Amino acid sequence: MYLHVLVDEYLHSAIPYIGLSTGLLLPGKHHRAYVDNMNKQIAGTELEGKSLEEIVLSSWNSGKPTPVFNNAAQVWNHTFFWESMKANGGGAPTGKLADAINASFGSFDEFKNQFKTAGGTQFGSGWAWLVTDKSGKLSIEKTPNAVNPVVEGKTPILTMDVWEHAYYLDVQNRRPDYMTTFVDKLIDWENVAKRYAAATGSQ
């Protein structure tokens, strides 16, 4: 059974920036519902006892998702999202990750523009992602609904939730305002750098 985690840490990190209504609703209601629904769906099946990533990949079913997929992938996505943030985050990355961003996008400012453009042009619900390959080259992707790069064999190192429930209660339909706050004040670049190092074998 997969347990709901990281709520307290997320609330501490995000509420000062994205607002009390969203900060309480998103982890406490939506994430909890995904966890509970997934646990019910996998109970007594061959998926029970597997890791969350194994459940996501198995339920993706080579692009023909089973009913478990939406809940399992949203648990994975939201957990990854919480772990992408910290209180007093934002700023700019350093070290090898900063070098990779400059090499892949030309500058950190251009990365921010492209990342927010991906989030802003994702029609309806979905996610924006920063993805790395094993050589360390970075790319930006957007996915609809619960889909994530993991099911395509790719390695994400950062994500931004652009489902309306991530921002609507506090900034209404101003998705760009929410994305600017996320990028400038919430990203945990230290953790993103650790993911990049793990994915590329760099230190």
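**View 1. The two sides of helix α5.** On one side of α5, Asp99 and Ala103 are exposed. The other side of the story is a set of buried residues in α5 (residues 95–105): Leu97, Ala98, Ala100, Ile101 and Phe105. Looking down the axis of α5, these buried residues keep within an arc of 160°, so they line one face of the helix. So what sits over the buried residues of α5? The cover includes α6 (108–121), the strands β1, β2 and β3, and also α9. Right after the helix comes Gly106, with a positive phi of about 100°. Keep in mind, here and in every other view, that this is a predicted model.

**View 2. The whole chain, for orientation.** Before going further in, here is the general layout: 9 helices and 3 strands make up the chain. Reading from the N terminus, the elements come as α-α-α-α-α-α-β-β-β-α-α-α. The chain has 203 residues, and 49% of them count as buried. Take the contacts with a separation of 6 or more: 68% of them come from residues 24 or more positions apart.

**View 3. The open sheet, strand by strand.** In what order do the 3 strands of the open sheet lie? The order is β2-β1-β3, and the pairing is antiparallel. That leaves β2 and β3 as the edge strands, each pairing on one side only. On average, neighbouring strands in this sheet are turned by 25° against each other, ignoring direction. Strands of a sheet pair through backbone hydrogen bonds, in either a parallel or an antiparallel way. Helix α9 (residues 189–200) lies across β1, β2 and β3, and it runs at about 150° to β3.

**View 4. Strand β1 and its two partners.** Zooming in on the sheet, β1 (residues 126–132) and β3 run antiparallel and are joined by 6 bridges. One place to look is Ala128, which stands opposite Met160 in β3. With β2, strand β1 pairs over 7 bridges, again in the antiparallel sense. Here Val131 has Ser139 of β2 as its bridge partner. The connection between β1 and β2 makes them a hairpin, with 5 residues in between. In that turn, Gly136 has a positive phi of about 100°.

**View 5. Asn148, tucked into a loop.** Find the loop between β2 (138–144) and β3 (155–161), and there is Asn148. Is Asn148 buried or exposed? Its relative accessibility is 0%, so Asn148 counts as buried. A polar atom of the Asn148 side chain lies 3.0 Å from the backbone nitrogen of Val150. Leaving aside residues up to four places away in sequence, Asn148 touches Val56, Ala73, Trp76, Asn77, Trp129 and Thr143.

**View 6. Helix α3 and its buried face.** One of the residues touched by Asn148 is Val56, and Val56 is among the buried residues of α3 (residues 52–60). The others in that group are Leu52, Ile55, Ser59 and Trp60. Viewed along the axis of α3, the buried residues fall within an arc of 130°, so they line one face of the helix. Just past the end of α3, Asn61 adopts a positive phi of about 55°.

**View 7. Phe80 meets Trp129.** By the ring-pairing rule, there are 13 aromatic pairs. Phe80 and Trp129 make up one of them, a tilted pair at 6.1 Å centre to centre with 40° between the planes. Phe80 belongs to helix α4 (residues 68–82) and Trp129 to strand β1, so this pair ties together parts 49 residues apart in sequence. Both rings belong to buried residues: Phe80 has a relative accessibility of 9%, while Trp129 has a relative accessible area of 0%. Which residues form a cluster with these two? One aromatic cluster takes in Trp76, Phe80, Phe81, Trp82, Trp127, Trp129 and Phe182.

**View 8. Phe105 and Phe111, back at α5.** A pair of aromatic rings is described by the distance of the centres and the angle of the planes. For Phe105 and Phe111, those values are 5.6 Å centre to centre and 50° between the planes, making a tilted pair. Both of these residues are buried. Phe105 is one of the buried residues of α5 from the opening view.

How values were computed: Residues are numbered from 1 along each chain as its sequence is written. This is a predicted model: local features need pLDDT of at least 70, side-chain atom pairs count only at pLDDT 80 or more; totals for chains, interfaces and linings use all residues. Side-chain values use heavy atoms; hydrogens and water are left out. Buried means under 20% relative accessible area, exposed over 50%, partly exposed in between (1.4 Å probe, protein chains only). Helices (H or I, at least four residues) and strands (E, at least two) are DSSP runs, numbered from the N terminus. The arc is that of the directions from the helix axis to the C-beta atoms. A polar contact is a pair of N or O atoms within 3.5 Å; within protein, one must be able to donate a hydrogen and the other to accept it, and residues adjacent in sequence count only if both atoms are side-chain atoms. Contact means heavy atoms within 4.5 Å. Two strands pair if DSSP finds at least two bridges between them. Axes are lines fitted to C-alpha atoms, for helices over the stretch in contact, and angles run from 0 to 180 degrees between N-to-C directions. Rings of Phe, Tyr and Trp (its six-membered ring) pair if their centres lie within 6.5 Å; planes under 30 degrees apart count as stacked, over 60 as edge-to-face and the rest as tilted.
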